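Biologist: I am new to this structure and would like to understand the labels attached to its residues. Could you show it to me and take me through the reasoning?

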Amino acid sequence: MMSGFSYKNLLLQIIHGSIIIVTIAFLNKDASQPIIIFLTSHESIAVVLFVFISFIIGNIIDFIADSLESFTMKFVKPPLYYILSKESTFGIALAHREYILTQLCITAAELKKSNLTKSNLTKSYLKIFKNKTLTKNDKIKLNYILQVAKNKAFKVCSDYQREQIDSFFVLYVFSRNISLSLLISIILLFGHINCFMLLLLFLLMLFSLCASCRYYLYYLRILLGSTIPKKILQQKIKN
């Protein structure tokens with residue numbers, strides 16, 4: 001999910017991986033082991049190894065989390081469906097929802113090569129958001145509409161909106177990966193720490209997972225809201 005390279009992403013990967021490293025270190029805290037003696041005697045080497053291994057593990061966690069997310073999306077409705085079809089989702093509402101939905105479906109129909117007319121194709125896209133159950137083809141169309149929204153947003157959004165989109169997406173990925181790191185730690189620590197500490201880690205994992213869901217909804221709200229050009233938005237506010 002991380003796009004491109006930046007020191008911010010590097011730091012995030014290290015944080016995710018460091019949770020696993022600390023967990024493994026807790027399980028192997030015998031100071032008499034040769035590797036422990038070596039690392040405590042060569043602190044600079046220990047720091048470099050810690051950062052490097054944490055980064056590698058962080059990348060693996062990101063890959064696993066991304067794969068699990070893709071697998072889960074096969075069985076649940078995408079967040080885009082909820083935020084465009086409901087007045088409010090987990091307390092998060094999208095302003096000008098119906099207008100944004102209609103315009104996105106029109107744009108998607110214009111860009112899509114199909115035997116259907118533009119009007120019929122637009123209606124088929126709009127119909128998806130009224131269905132109670134989604135087929136595999138419906139989810140493919142929803143992903144296409146999301147890509148259309150991204151392209152449209154980054155063409156017309158302001159610098160502030162762009163920063164907000166990037167910020168909430170990073171927070172979403174960070175929280176999601178932290179959840180997986182904590183889950184792995186719980187599995188590794190099972191039987192080695194008391195039930196209270198395991199319960200605490202489990203609650204932290206759930207909190208982080210819930211936070212990731214909310215951050216993604218915030219990301220979608222700003223992304224979709226950014227698809228409205230500033231002039232049109234001003235006219236709608238006046239009206």
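Biologist: Why is Glu87 called exposed?

Modeller: This is a predicted model, and in it Glu87 has a relative accessible area of 58%; because exposed means over 50%, Glu87 counts as exposed. Glu87 lies in the loop between α4 and α5.

Biologist: What makes the approach of Glu87 to Arg97 a polar contact?

Modeller: The two side chains come to 3.0 Å, and the cut-off for such a pair of N or O atoms is within 3.5 Å, so the side chains of Glu87 and Arg97 make a polar contact. Leaving out residues up to four places away in sequence, Glu87 also touches Ala93 and Leu94.

Biologist: Why is Thr89 called buried?

Modeller: Thr89 has a relative accessible area of 8%, and since buried means under 20%, the label follows for Thr89. Thr89 lies in the loop between α4 (79-85) and α5 (97-111), where a polar atom of its side chain is 3.3 Å from the backbone oxygen of Tyr82. Setting aside neighbours within four places in sequence, Thr89 is in contact with Tyr82, Ile83 and Leu217.

Biologist: How many aromatic pairs does the structure hold, and why is the pair of Tyr81 and Phe129 called stacked?

Modeller: The structure holds 10 aromatic pairs. The ring centres of Tyr81 and Phe129 are 6.3 Å apart, with planes at 10 degrees; rings pair if their centres lie within 6.5 Å, and planes under 30 degrees apart count as stacked, so this pair is stacked. The pair links distant parts of the chain, 48 residues apart, with Tyr81 in helix α4 and Phe129 in the loop between α6 (118-128) and α7 (136-156). Tyr81, at 6% relative accessibility, counts as buried, and Phe129, at 7%, counts as buried too.

Biologist: What makes the pair of Phe168 and Tyr215 tilted?

Modeller: Their ring centres are 6.3 Å apart and their planes stand at 40 degrees, which is neither under 30 nor over 60, so the pair is tilted. Because Phe168 lies in helix α8 (residues 159-189) and Tyr215 in helix α9 (residues 195-225), the pair ties together parts 47 residues apart in sequence.

Biologist: How do you know whether Phe168 and Tyr215 are buried or partly exposed?

Modeller: Phe168 has a relative accessible area of 17%, under the 20% limit, so Phe168 is buried. Tyr215, at 26%, falls between 20% and 50%, and therefore Tyr215 counts as partly exposed.

Conventions:
Residues are numbered from 1 along each chain as its sequence is written. This is a predicted model: local features need pLDDT of at least 70, side-chain atom pairs count only at pLDDT 80 or more; totals for chains, interfaces and linings use all residues. Side-chain values use heavy atoms; hydrogens and water are left out. Helices (H or I, at least four residues) and strands (E, at least two) are DSSP runs, numbered from the N terminus. Buried means under 20% relative accessible area, exposed over 50%, partly exposed in between (1.4 Å probe, protein chains only). A polar contact is a pair of N or O atoms within 3.5 Å; within protein, one must be able to donate a hydrogen and the other to accept it, and residues adjacent in sequence count only if both atoms are side-chain atoms. Contact means heavy atoms within 4.5 Å. Rings of Phe, Tyr and Trp (its six-membered ring) pair if their centres lie within 6.5 Å; planes under 30 degrees apart count as stacked, over 60 as edge-to-face and the rest as tilted.
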